[in-house]
Amino acid sequence: MEFSTQIVAVACSRDRGAFEVLFRHFAPRLKAYFLRSGAADGQEAEEMAQETMLLVWRKAALFDPQKAGAATWIYVIARNLRADARRRAWRSVALAGSDTEAVTELPASQPGSDEMVSSAQDEAVLRQALSTLPQEQRQALELSYFKDQSHVEIARKLGIPLGTVKSRIRLALARLRAALGGEEMP
């Protein structure tokens, strides 16, 4: 599902229904992303996911579907939020140290055009890698990650055993990692 239209609706008319669609889809994924990327616990990951979605609401007018996809744009916001949290933690540790330590100012984390282009290129590479998967694997992966369905729901929907669903998803992820040069996906 493409979410660009929902972000544009939020930007143009502060459409709460469109934002709810975005929130329901991205908030759980963002929480998992923050947990994987070093959040202290589920509470912190939940707060960061909510803060990311709040920034999506506030910055929706800055979204340009010609520069990046909706998911790419949202994950850039999340990544920048995570980086800001790490900087704050680093500064508090540095300030708690000796008085002679100098705290260097780190650059602001607003995504530049080069970062947005890089994210758009990453998204294009991921789309290409997805298109090379066998249809059965791609379908199971899309239902799990993009439609947020449980493995049991996927098995029921496709009329296949649960183990087959898990195998297809595992194989699809392995193929994607190989196609992407072993890099982890967000």
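## Overall architecture

Buried residues account for 34% of the 186 residues in the protein. The coordinates come from a predicted model. The protein contains eight helices and zero strands, and its pattern along the sequence reads α-α-α-α-α-α-α-α. Of the contacts with a separation of 6 or more, 58% join residues that lie 24 or more positions apart.

## Helix H1 and the turn into H2

Helix H1 covers residues 4-13. Its buried residues are Ser-4, Gln-6, Ile-7, Ala-9 and Val-10.

Arg-14 follows H1 and sits in the loop between H1 and H2. The phi angle of Arg-14 is near 50 degrees, a positive value in a residue other than glycine. With a relative accessible area of 37%, Arg-14 is partly exposed, because this value falls between the 20% limit for buried residues and the 50% limit for exposed ones.

## Helix H3

Helix H3 consists of 18 residues, 42-59. At 1.5 Å a residue, H3 should span 26 Å, and its end C-alpha atoms are 25 Å apart, which agrees. At the start of H3, a side-chain oxygen of Asp-41 comes to within 3.1 Å of the backbone nitrogen of Gln-43.

The buried residues of H3 are Ala-45, Met-48, Ala-49, Thr-52, Met-53, Leu-55, Val-56 and Trp-57. An α-helix has 3.6 residues a turn, so residues three or four places apart point the same way. Ala-45, Met-48, Ala-49, Thr-52, Met-53, Val-56 and Trp-57, which are among the buried residues of H3, also belong to the set that meets H2.

## Packing of H2 against H3

Helix H2 comprises residues 16-36 and packs against H3 at an angle of about 145 degrees, the two axes being 8 Å apart. The crossing of H2 and H3 is right-handed.

On the H2 side, the contact is formed by Arg-16, Phe-19, Leu-22, Phe-23, Phe-26, Ala-27, Leu-30, Lys-31, Phe-34 and Leu-35. Their partners in H3 are Gly-42, Ala-45, Glu-46, Met-48, Ala-49, Gln-50, Thr-52, Met-53, Val-56 and Trp-57. By residue class, this contact between H2 and H3 divides into 14 nonpolar, three polar and three charged residues.

## Lys-31 at the H2–H3 contact

Lys-31 is located in helix H2 and is partly exposed, with a relative accessible area of 28%. Apart from neighbours within four places in sequence, Lys-31 is in contact with Gly-42, Ala-45, Glu-46 and Ala-49. These four partners are included in the H3 side of the contact between the two helices.

Two of these pairings can be described further. Lys-31 and Ala-45 are 14 residues apart in sequence, and their C-alpha atoms are 5.0 Å apart in space. The side chain of Lys-31 makes a polar contact with the side chain of Glu-46, at 3.4 Å. Whereas Lys-31 is partly exposed, its partners Ala-45 and Ala-49 are buried.

## Leu-130 in helix H5

Helix H5 spans residues 113-131 and includes Leu-130. Leu-130 has a relative accessible area of 10% and is therefore buried, the limit for that class being under 20%. The C-alpha atoms of Leu-130 and Ala-172 are separated by 8.5 Å, although the two residues are 42 residues apart along the chain.

Methods: Residues numbered from 1 in each chain as written. Predicted model: local features only at pLDDT ≥ 70, side-chain atom pairs only at ≥ 80, totals over all residues. Heavy atoms only, no water. Expected span 1.5 Å × (residues − 1). Buried < 20%, exposed > 50% of the residue type's maximum accessible area, 1.4 Å probe, protein only. Polar contact = N/O pair within 3.5 Å; in protein donor to acceptor, adjacent residues only side chain to side chain. Axes fitted to C-alpha atoms, helices over the stretch in contact; angles between N-to-C directions. Left-handed = near helix turned anticlockwise from the far one by under 90°. Contact = heavy atoms within 4.5 Å. Nonpolar A, V, L, I, M, F, W, Y, C, P; charged D, E, K, R; others polar.
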